[in-house]
Amino acid sequence: MSERLDSTGEAGELAARRGPRGGKRDATSDHRCWDLRPVLRNGDRVSTKQHRIAELAKRSPEMVFTSLAHLVDIAWLHEAYRRTRKDGAVGIDGQTAKDYEVNLEANLRSLLDRVQSGTYRAPAVRRVHIPKGTGPETRPIGIPTFEDKVLQRAVLMLLEPIYEVDFHDCSYGFRPRRSAHQALAATWKHTMDAGGGWVLEVDLRKCFDTLDHRHLQAFFQHRVRDGVLKRLIGKWLKAGVMEHGSVSYPDSGSPQGGVISPLAANVYLHYVLDEWFERIVKPRLRGQAHLVRYADDLVMVFKREDDARRVLAVLAQRCAKYGLTIHPEKTRLIDFRQPSDSRANPGLRKSGTFDLLGFTHYWSRSRRGVPIVKRKTASPRLTRSVRVLSRWCRGHRHDPISQQHAVLSPKIRGHYAYFGITGNGASLKNFLFLVQRTWHRWLNRRHRKRSMDWAKFNRLLQRFPLPSVRVVHSISGRVANA
């Protein structure tokens, strides 16, 4: 039975649907094609164009868009520039947003001319490595030039209305009006409604770096066959990567850090995982099953163990078919069924735990004694957060206390803004204690005499209090203190 779960054929079979009347049929496929030139004009507002594209995509989910690039005019580029982050790191040319803004109109018109004439060349991205977790492993980040960011934003504004219609509700990462906390809430709801179950925690090894260009371009063609956009996407995929002064040209991957990269990864995983799970896997299972995916972080929740093991048996084969690799050690099946009452029967089964988006999910009891799924800050994330603050305190320990307090307070509030969820009060209090201890440690090393004892530090905290623990994301929808 396991083989049937992967009987999907190529990704084109997933997207092929019988369409309604209208449109133009492409002779090379069974899809109908949309030519938007009679429908939209360059004089329309950007929001009007996007709304119309979304309407057409929703009305005809099988349609292929053959003409989109003509919608990009100077007003579209101005809007793309406005939406582009101005304080990001610079690319290989060293040009900042302020430099580009000096001759903004001329720069945008030059960019538009090169795009329309097909002479635009995607510059190489500058690669840097940032720490990943608490170990020695790092994450490569690709930084495009500012002008390339503007153009990628303009293309993203064209493609996003189409794919937002196609994407399933199980996908939450890097999408408008969706967040990591919505993915966490969905996971909490699925596990609570089913009374637990079996959770398949999946780790895709270096997903962004292993996206197969051939498959990715084929996935895009299920919905978009505009020649200009196809060439631009191809140029970005083939753009070089500059590292340590030399340029290399990888055969796979989409650099993390690019504006278009999150959409590319979502499109790729939409066809490889989401469509497969929703249309092929779920109808063949005996019990309920749910997928929650935030970019390349995902879990699958099953009611029955046999269903979970069947999917686990074919998942690696399914991913390998499209060039993705499942981490054999970090991918695991967890018995997350509601635990028995260990107080009355100490020898009975206990439930396991799993991590998602920086939180450890585990079974506990509410104040009324009812079994409930709770979440706490995952130990590696807590350690990493404290280490980052420790490095900052060490490097700025000789700054005036008021300046240190002015910087530390927003950093702590930022931690609360993400990890401040219902039931995580103990981890937040532990984080605040560790930050206070770290600050005291480095203040005490401002001088060799080390005169900052705890009594003096407590008086300092009365004058410069750190933000108190606060739950920002409440299950009831209210903001409350932990």
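Here is a short chat about reading helix packing, cysteines and one buried residue in a predicted model.

Colleague: How do I read the packing of H2 against H3?

Modeller: Two packed helices are described by the angle between their axes and the distance between the axes. Here, helix H2 (residues 46–59) meets helix H3 (residues 74–83) at about 95°, and the axes lie 10 Å apart. That angle makes H2 roughly perpendicular to H3.

Colleague: Which residues make the contact?

Modeller: H2 contributes Val46, Lys49 and Gln50, while H3 brings in Ala75, Trp76, Glu79 and Arg83. Sorted by class, the H2 contact with H3 holds 3 nonpolar, 1 polar and 3 charged residues.

Colleague: On to the cysteines. How many disulfides are there?

Modeller: A disulfide is a covalent bond between the sulfur atoms of two cysteines. The count for this model is 0.

Colleague: Why is there no bond for Cys207?

Modeller: Its closest cysteine sulfur, in Cys319, is 8.8 Å away, and a disulfide needs the sulfurs within 2.5 Å, so that is too far for a bond. Cys207 is buried at 1% relative accessible area, and Cys319 is buried too, at 0%.

Colleague: And Val373, is that residue buried or exposed?

Modeller: Val373 is buried, because its relative accessible area of 3% falls under the 20% cut-off. You'll find Val373 in strand E14, which covers residues 371–377.

Colleague: What does Val373 touch beyond its neighbours within four places in sequence?

Modeller: Its contacts there are Trp188, Thr191, Met192, Phe336, His361, Tyr362 and Trp363. As for Gly423, 50 residues from Val373 along the chain, the two C-alpha atoms are 9.3 Å apart.

Notes
Residues are numbered from 1 along each chain as its sequence is written. This is a predicted model: local features need pLDDT of at least 70, side-chain atom pairs count only at pLDDT 80 or more; totals for chains, interfaces and linings use all residues. Side-chain values use heavy atoms; hydrogens and water are left out. Helices (H or I, at least four residues) and strands (E, at least two) are DSSP runs, numbered from the N terminus. Buried means under 20% relative accessible area, exposed over 50%, partly exposed in between (1.4 Å probe, protein chains only). Contact means heavy atoms within 4.5 Å. Axes are lines fitted to C-alpha atoms, for helices over the stretch in contact, and angles run from 0 to 180 degrees between N-to-C directions. Angles under 35 degrees count as roughly parallel, over 145 as roughly antiparallel, 65 to 115 as roughly perpendicular and the rest as oblique. Ala, Val, Leu, Ile, Met, Phe, Trp, Tyr, Cys and Pro count as nonpolar, Asp, Glu, Lys and Arg as charged, and the others, Gly among them, as polar.
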